[in-house]
Amino acid sequence: MNILFRGGRVFTPDGVVAEAVLVRDGVIAAVGPERDLARLPHETVDLDGGLLTPGFIDAHMHPVQAGLERAKCDLSEVFGLDAYVEAIATYAAKNPDKAWVDGGGWDMSAFPNGLPHRDQLGFLDRPAYLIQRDHHAAWVNGRALELAGITAATPDPPDGRIERDAGGAPTGVLHEGAMELVGLLTPRPSAQDLLDALARAQEHLFSLGITGWQDAIVGSYAGSDDQLPTYVAAAGSGLLRARVVGALWWDRTRGLDQIPGLLERRAAADGLDRFRATSVKIMQDGITENFTAATLEPYCLCGGTGLSYVDPVELKRYVAELDRHGFQVHVHAIGERAVREALDGFEGTNPANRHHIAHLQIIEPSDVPRFAALGVTANLQPLWATHHAQMDELTLPFLGEPRASWQYPFADLVAHGARCCAGSDWPVSDADPLQGMHVAVNRTEPGGSVHARYPTAQTPFLPGQRLDLATAMTAYTAGSAWINRSPAGVVEPGRPADLVVLDRDPFELPPGDLWTTRVRMTFVDGEPVHERG
């Protein structure tokens, strides 16, 4: 069957230059002027003045976890203590038979110093475990602390912290590795629950034009279960239609002894069309807001330089061995010390394995050119690069200058020749790539975001680090396709027809209106998987 996309413009590797695309049997057959392509028999998709793009590919997200959270106590759509309490109480009342109240999505900026308290959940008649939006902390009540045996005498784990009051008593916030002290006690989802969560997530992502992704934690972490069997089953049954790479979780409490198990896990996905487990995820530090991001100099006001979860000397050994086995290594690095440790770890590795570092909130300027020099891809999460409460109240006061000016240096990375891909970290933040592109171009909050009413939301954040729209869109398409070794991500003959129809041409909009663009239709292999009603 032939399909002719016509009536608008097309985003190609050479820019927005074409006006029509012909698809034959799920593959892009021709790109060019409509008068040349319309001579063949075809069905027509009218772009109606919109833009045709490759399917977007998210290089760092957690869809199964997002799908689970959307079915639990979901706090991501509301903001503030009163709204959270109301949502939690409503969920508890609607689910009286559930042994736990669990879910997540609360925002640190809704609480003084970013910290909720166990007593704010004192109205519940059962234990509660609610994961922070960034997935680096959990809010629990007194009943949950009791079940876990957490008291003033409980030591902090090496990779986390129990928040305490002046007397040493736990307040109800568990940071990083401490989350598992309670998270592992929560009810386990069934295999069907996990498949349903993946199906919900895929449907939502298709509605945003996302036709592929890299799942950044495939393994057990912070109380979540291993998703590898879920992906293998979904790919084998045909449920999974997106093109997905799983980043297998590196257990930071172990060393090289886990590599044989990772090789077995990679082999479990051999031969699957839609899923491969060819990447390994190493989390090198935490986040700035709770002072666990690894920095070169102490945080202002509170001191400390954060946590390196993996000893830098050992990190280099681990990366070298993973590289030798042909794994791609995907590193979480937020603070400038973590970024430097990751880059040091990649020295001498094979660029053909397509290693990448995600988040990159702070990069010491001398490390920026090392990305291109080492062949390491910069994995950007653009939505975070704005003025919002978490940035202005919980980050900037503690970073100080010049470090605060080193944040999210997208333009510097591009200027120094770094290859870039992009993602959302969903459900940490909105999965919509178009919102991410808006921030990459404007360095301001999209008009429809929860933070758009914040006083400085429309003040550009470090505006010298803006990207042009073509560069940002390429990061979300060809850049992320390259990281995933996906055959899609580019509109050119011979590529799979994973395509997105936008309701307008964002290249013709004022930059401040980019966020208003929406997805009309999404295609995978030339077949529609989403059409906006």
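## Helix α15 and what comes after it

Right after α15 sits R443, a residue with a positive phi, near 60°. This is a predicted model, so the features below come from a prediction. Going back to the helix itself, α15 is mostly covered, with 10 of its 10 residues buried. They are P433, L434, Q435, G436, M437, H438, V439, A440, V441 and N442.

What do the buried residues of α15 pack against? Their partners are the strands β8 (56-61), β15 (210-218), β22 (499-502) and β23 (519-524), along with helix α16. There's also a detail at the start of α15: a side-chain oxygen of D432 reaches to within 2.9 Å of the backbone nitrogen of L434.

## How α15 meets α16

Helix α15 covers residues 433-442 and α16 covers residues 469-484; the two pack at an angle of about 140°, with axes 9 Å apart. Because of that angle, α15 is oblique to α16. The crossing is right-handed.

On the α15 side, the contact is made by P433, G436, M437, A440 and V441, and on the α16 side by L469, A472, M473 and Y476. Sorted by class, this contact has eight nonpolar residues, one polar residue and no charged ones. A bit of background helps when looking at lists like these: an α-helix has 3.6 residues a turn, so residues three or four places apart point the same way.

## A second helix pair: α9 and α10

Now look at α9 (residues 312-324) and α10 (residues 336-346). Their axes come within 8 Å and cross at roughly 40°, which means α9 is oblique to α10. Here, too, the crossing is right-handed.

Which residues make the contact? From α9 come P312, L315, K316 and V319, while α10 brings E341, A342, D344, G345 and F346. The residues in this contact of α9 with α10 divide into five nonpolar, one polar and three charged.

## V331, a buried strand residue

V331 is part of strand β18 (residues 328-333). Is V331 buried or exposed? With a relative accessibility of 1%, V331 counts as buried.

Setting aside residues up to four places away in sequence, V331 touches I282, Q284, A342, F346, H356, I357 and A358. Two of those names, A342 and F346, also turn up on the α10 side of the contact with α9. For a sense of distance, V331 and D285 are 46 residues apart in sequence, and their C-alpha atoms are 9.5 Å apart in space.

## D134, a buried loop residue

You'll find D134 in the loop between β11 (128-132) and β12 (137-140). It's a loop position, and D134 is buried, with a relative accessible area of 9%.

The side chain of D134 has polar contacts with two other side chains: that of R133, at 3.4 Å, and that of Q390, at 2.9 Å. Beyond its neighbours within four places in sequence, D134 is in contact with I287, E289, Q390 and V428.

## L185, a partly exposed loop residue

L185 belongs to the loop between α5 (180-183) and α6 (191-207). How accessible is L185? Its relative accessibility is 40%, so L185 counts as partly exposed.

If you skip its neighbours within four places in sequence, L185 is in contact with W100, L147 and A148. From L185 to K94 is 22 Å, C-alpha to C-alpha, and the two are 91 residues apart in sequence.

## Backbone oddities

Most residues other than glycine have a negative phi, and most peptide bonds are trans. That makes a few spots worth a look. D25, in the loop between β4 (20-24) and β5 (27-32), has a positive phi near 50° and isn't a glycine. D25 is exposed, at 59% relative accessible area. N113 isn't a glycine either, and its phi is positive at about 60°. N113 is in the loop between β10 (101-106) and β11 and counts as exposed, with 65% relative accessibility.

Where are cis peptide bonds found? One joins E401 and P402, with omega about 5°; P402 is in the loop between α13 (396-399) and α14 (410-415). Another joins W426 and P427, where omega is about 10°. P427 lies in the loop between β21 (420-422) and α15, which brings us back to the helix we started with.

Technical notes. Residues numbered from 1 in each chain as written. Predicted model: local features only at pLDDT ≥ 70, side-chain atom pairs only at ≥ 80, totals over all residues. Heavy atoms only, no water. Helix = DSSP H or I, 4+ residues; strand = E, 2+ residues; numbered from the N terminus. Buried < 20%, exposed > 50% of the residue type's maximum accessible area, 1.4 Å probe, protein only. Polar contact = N/O pair within 3.5 Å; in protein donor to acceptor, adjacent residues only side chain to side chain. Contact = heavy atoms within 4.5 Å. Axes fitted to C-alpha atoms, helices over the stretch in contact; angles between N-to-C directions. Parallel < 35°, antiparallel > 145°, perpendicular 65-115°, else oblique. Left-handed = near helix turned anticlockwise from the far one by under 90°. Nonpolar A, V, L, I, M, F, W, Y, C, P; charged D, E, K, R; others polar.
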